[in-house]
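User: I would like a close look at one part of this model, the place where two neighbouring helices meet. Please explain each term as you go.

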Amino acid sequence: MLKNIFFRISPGWYALDALAILGVVLVIQYGFNYPPCVLCIGQRFPWVLLFVLAVTAGRAERVCAYKTRNAMLALACVTMVGSTGFGIYHAGIQYGLWYAVVSCGGGAESLSLNTANLLQAVQQTTLVDCTSKDPIILGASMPVWNAIVSAYMAISIGYMAWVKYNIRT
């Protein structure tokens, strides 16, 4: 049964999934006014990369470039494994399991300002701490959901590539 479901899925569905995830995140950010922290913004890059890889794999499948499709699916699987690790890392920071290695405040873009404009720039900048757990959706923070969905996507892409496309060879 599970094998039959994966034989109907093409790489284009993973591109749609990536767009849906990015859309939800942007709606939460702009629609519900939850500014992201530095790590939250970093967690979006694997989803953009998944979109590009899935579109490339889908296009390669249409023109019978099977080695390219297989390589793109393998990279997409590795990307989602990395996204899972990134989500776990950020969730660990939020729940106090370890400390952040990066500075989770403002960026360095204000270094070129003179002292007269520095105070104005600091007052206009919204700083979000990486330990902030807002918003909580169905009992989990956004990085926890990112880790869960990324792990599911890594397993799904890996299984599809292994079973449907027989990447083993």
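Analyst: Just after H5, glycine 96 takes a positive phi of about 75°, and H5 itself is a good place to start. This is a predicted model, in which local features need pLDDT of at least 70 and side-chain atom pairs count only at pLDDT 80 or more, while totals for chains, interfaces and linings use all residues. Residues are numbered from 1 along each chain as its sequence is written, and side-chain values use heavy atoms, with hydrogens and water left out.

Helices here are DSSP runs (H or I, at least four residues), numbered from the N terminus. Helix H5 covers residues 66-94, and because its 29 residues should span 42 Å at 1.5 Å a residue, the 42 Å between its end C-alpha atoms agrees; the expected span is 1.5 Å times one less than the number of residues.

The axes of helix H4 (residues 45-62) and H5 come within 8 Å and cross at roughly 165°, where axes are lines fitted to C-alpha atoms over the stretch in contact, and angles run from 0 to 180 degrees between N-to-C directions. The two helices are therefore roughly antiparallel to each other, a term for angles over 145 degrees.

The contact (heavy atoms within 4.5 Å) includes Trp47, Leu50 and Glu61 of H4 and Tyr66, Arg69 and Met72 of H5. By class, the contact of H4 with H5 has 13 nonpolar, four polar and two charged residues; Ala, Val, Leu, Ile, Met, Phe, Trp, Tyr, Cys and Pro count as nonpolar, Asp, Glu, Lys and Arg as charged, and the others, Gly among them, as polar.

Notes: Angles under 35 degrees count as roughly parallel, over 145 as roughly antiparallel, 65 to 115 as roughly perpendicular and the rest as oblique.
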